[in-house]
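Subject: Structure for you to look at

Hello,

Here is the structure I said I would pass on. Please open it next to this message and follow along.

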Amino acid sequence: MAIDWPALRAAARAAAEGAYAPYSRLRVGAAGQVHGEGEAGGGRIVVGCNVENASYGLTLCAECGLVSALHASGGGTLAGVCVVAADGAPLVPCGRCRQLLLEAGGPGLLLDSGDGPLELGSLLPAAFGPADLASRRDAGA
């Protein structure tokens, strides 16, 4: 599936405009293209933005909003994700958000970067995932 990177960057930048970032003043937007939906093999685009909180640990990253929007709009698997600051330049997600995106797109999920798309699996090697839970649960639980 071809990722429409210009459309993702534009959608992420528009989402960043709606961010709530009164403390850091770093408005971040994220946009993701869903596998195999829409016309001509293209996918729908879902977006999210960061939402800060005075209790900093409760702040939600743009990727959190993106994954929430993915599930709220019918689910699916992400094929490509672009995260940008308000200036439109790509940001590579932090470790926490990489883990979140892993369940939404898998290790083959492509992430936009200033140097071109990167596979999530290369940024999060030996990741913890659903299979780890299934194989490590207590037998009696």
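Below is what was found in the sheet, the helices and the nonpolar cores.

Please keep in mind that this is a predicted model.

The sheet. The model has an open sheet of five strands, ordered β2-β1-β3-β4-β5, and the pairing is mixed. At the edges are β2 (45-49) and β5 (118-119), each of which pairs on one side only.

Starting from the β2 side, β1 (residues 28-34) is antiparallel to β2, and five bridges link the two. One position to find on screen is A30, whose bridge partner in β2 is G48. β1 also runs antiparallel to β3, through seven bridges. Here V28 has A85 of β3 as its bridge partner.

The pairing changes sense at the next step: β3 and β4 (residues 110-111) run parallel, joined by two bridges. In that pair, V81 stands opposite L111 of β4. As a general reminder, strands of a sheet pair through backbone hydrogen bonds, in either the parallel or the antiparallel sense.

The helices. Helix α2 (residues 62-72) lies across β1, β2 and β3 (78-85), and its angle to β2 is about 140°. Helix α3 (residues 95-105) belongs to a right-handed β-α-β unit, together with β3 and β4.

The cores. What is the largest nonpolar core made of? It has 18 residues, and L66, L78, V81, L101 and L109 are those with the most contacts inside it. Two or more residues come from each of β1, α2, β3 and α3. The biggest share is from α2, which gives four residues.

A second core, separate from this one, has nine residues, among them W5, A12, C82 and V84.

β3 in detail. How many of the eight residues of β3 are buried? Eight of eight are, so to speak of β3 as mostly covered is fair under the cut-off of under 20% relative accessible area.

V81 is a useful residue to centre the view on. Leaving aside neighbours within four places in sequence, V81 is in contact with W5, L8, A31, G32, L66, L101, L109, L110, L111 and D112. Of these, L66, L101 and L109 are listed with V81 among the residues with the most contacts inside the largest core, while W5 is included in the second core.

In a regular strand, side chains alternate between the two faces of the sheet. That may help when you turn the view from one face to the other.

Regards

Definitions and conventions. Residues numbered from 1 in each chain as written. Predicted model: local features only at pLDDT ≥ 70, side-chain atom pairs only at ≥ 80, totals over all residues. Heavy atoms only, no water. Pairing = 2+ DSSP bridges. Contact = heavy atoms within 4.5 Å. Axes fitted to C-alpha atoms, helices over the stretch in contact; angles between N-to-C directions. Buried < 20%, exposed > 50% of the residue type's maximum accessible area, 1.4 Å probe, protein only. Right-handed = clockwise from strand over helix to strand, strands pointing away. Core = buried A, V, L, I, M, F, W, Y, C linked by side-chain atoms within 4.5 Å.
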